[in-house]
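Please open the model in your viewer and keep the selection panel at hand. The stops below follow one another, each beginning with something to select.

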Amino acid sequence: MIISQEVQNMCVVKQGVHHGAAPIPEEAKWVQAKEVKDISGLTHGIGWCAPQQGACKLTLNVKEGIIQEALVETIGCSGMTHSAAMSAEVLPGLTVMEALNTDLVCDAINTAMRELFLQIVYGRTQSAFSEEGLPVGAGLEDLGKGLRSQVGTMYGTLQKGPRYLEMAEGYVTGIALDEEGLIIGYKFVNLGKMTDFIKKGDDPNTAYEKACGQYGRVADAVKIIDPRTDKEI
């Protein structure tokens, strides 16, 4: 360590009282975090790339400084899905400090990691007041039984109005309209369930019918249109 001559010529003044780091809540305990291994918690964060054409939602479950579980969800950029695949392979086993300084391939995922790091080290995790924290595997609860991200895709123009394309329930197959042309419901197919039915032996048509559902006043609709072709169905 190099100390300037000016500092060397100073007299010593003692620092006085210092109580250390302020404790932060971690898994229902108050912890004075001094080292990476003092950090635990499960939390979520959102990241975005420089052109903001895509975004990432990242969920990490950290135990004693080590990432035990990572859920990487991306939207808006085709290349980002490949980056997410690599990140899901890289992140588990790293300390939160290593993960912060690891190239996670995509800026959106890197930014999400930064946001999570801030939450974790400042004691703002989702599990801050959960005794013993959350078990490894809790990240999958965000996905539900079908293990698919909760995605909503809507599109609208001033000239032609809104189109519902995908809801959390599934891929929208029809928009129900009343006599004034207002949306009063929609029909959908849950692609995850459909795939599961096919894997169990159902033919595609049967699987499709079993995975279909509807929401709203579909039965009262004057007409139902395909949101992608505008054809009446």
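## Stop one: glutamate 27

Select glutamate 27, which at 9% relative accessibility counts as buried, the limit for that class being under 20% relative accessible area. The model on the screen is a predicted one, and every value in this tour is computed from it. Glutamate 27 sits in the loop between β1 (24-26) and β2 (29-31), and its phi is near 50°, a positive value in a residue other than glycine. Now display what surrounds this side chain and backbone: with neighbours within four places in sequence left aside, glutamate 27 is in contact with Ser40, Gly41, Val62, Lys63, Ser127, Ala128, Ser130, Glu131, Glu132, Gly133 and Leu134.

## Stop two: glutamate 64

Next select glutamate 64, whose phi is likewise given as near 50°, again a positive value in a residue other than glycine. Is glutamate 64 buried or exposed? At 60% relative accessibility, glutamate 64 counts as exposed, since the class of exposed residues begins over 50%. Glutamate 64 belongs to the loop between β4 and β5, and these two strands form a hairpin with two residues between them.

## Stop three: the three-stranded sheet

From that turn, extend the selection to the strands on either side and then to β3, which brings up an open sheet of three strands in the order β3-β4-β5, with antiparallel pairing. The edges are formed by β3 (41-48) and β5 (66-75), each of which pairs on one side only. On average, and with direction ignored, neighbouring strands of this sheet are turned by 15° against each other.

Take the two pairings in turn. Between β3 and β4 (residues 55-63) there are eight bridges in the antiparallel sense; to follow the register, pick leucine 42, which stands opposite asparagine 61 in β4, and then histidine 44, which stands opposite threonine 59 in β4. Keep threonine 59 selected and look to the other side, where leucine 71 in β5 stands opposite this threonine. The antiparallel strands β4 and β5 are joined by nine bridges.

Which residue takes a positive phi in the hairpin of β3 and β4? Select glutamine 52, whose phi is near 60°, in a hairpin that has six residues between the strands.

## Stop four: helices on the sheet

Now add helix α2 (residues 78-90), which lies across β4 and β5 and runs at about 175° to β5. Then add helix α4 (residues 107-121), which packs on the sheet and touches β3, β4 and β5, its direction making about 140° with that of β3.

## Stop five: the nonpolar cores

With sheet and helices still shown, turn on the side chains of Cys56, Leu58, Leu60, Leu91 and Met113, which touch the most other members among the 24 residues of the largest nonpolar core. The elements giving two or more residues to this core are β4, β5, α2, α3 (96-100) and α4, and the largest share, seven residues, comes from α4.

Centre the view on leucine 91 and list its contacts: not counting residues up to four places away in sequence, leucine 91 touches Leu58, Leu60, Ile67, Ala70, Ala99, Leu104 and Met113. Apart from this core lies another one, of seven residues, and selecting Val172, Leu177, Tyr186 and Ile225 will show you some of its members.

## Last stop: the whole chain

Finally, clear the selection and zoom out to the complete protein chain, whose secondary structure comes to six helices and eleven strands. The radius of gyration of the chain is 25 Å, well over the 17 Å that the globule rule gives for 233 residues, so the chain is more spread out than a compact globule. Rotate the C-alpha trace to its principal axes, along which it spans about 90 × 45 × 30 Å.

If you colour by burial, buried residues make up 34% of the 233 residues. In a contact map, 49% of the contacts with a separation of 6 or more come from residues 24 or more positions apart. A surface view completes the tour: the accessible surface of the protein chain comes to about 14800 Å², and 54% of it belongs to carbon and sulfur atoms.

Notes
Residues are numbered from 1 along each chain as its sequence is written. This is a predicted model: local features need pLDDT of at least 70, side-chain atom pairs count only at pLDDT 80 or more; totals for chains, interfaces and linings use all residues. Side-chain values use heavy atoms; hydrogens and water are left out. Two strands pair if DSSP finds at least two bridges between them. Helices (H or I, at least four residues) and strands (E, at least two) are DSSP runs, numbered from the N terminus. Axes are lines fitted to C-alpha atoms, for helices over the stretch in contact, and angles run from 0 to 180 degrees between N-to-C directions. Contact means heavy atoms within 4.5 Å. The radius of gyration is taken over C-alpha atoms; the globule rule is 2.2 Å times the number of residues to the power 0.38. Buried means under 20% relative accessible area, exposed over 50%, partly exposed in between (1.4 Å probe, protein chains only). Accessible areas come from the Shrake-Rupley method with a 1.4 Å probe; for residues, only the protein chains shown count as cover. A nonpolar core is a set of buried Ala, Val, Leu, Ile, Met, Phe, Trp, Tyr and Cys residues joined through side-chain atoms within 4.5 Å.
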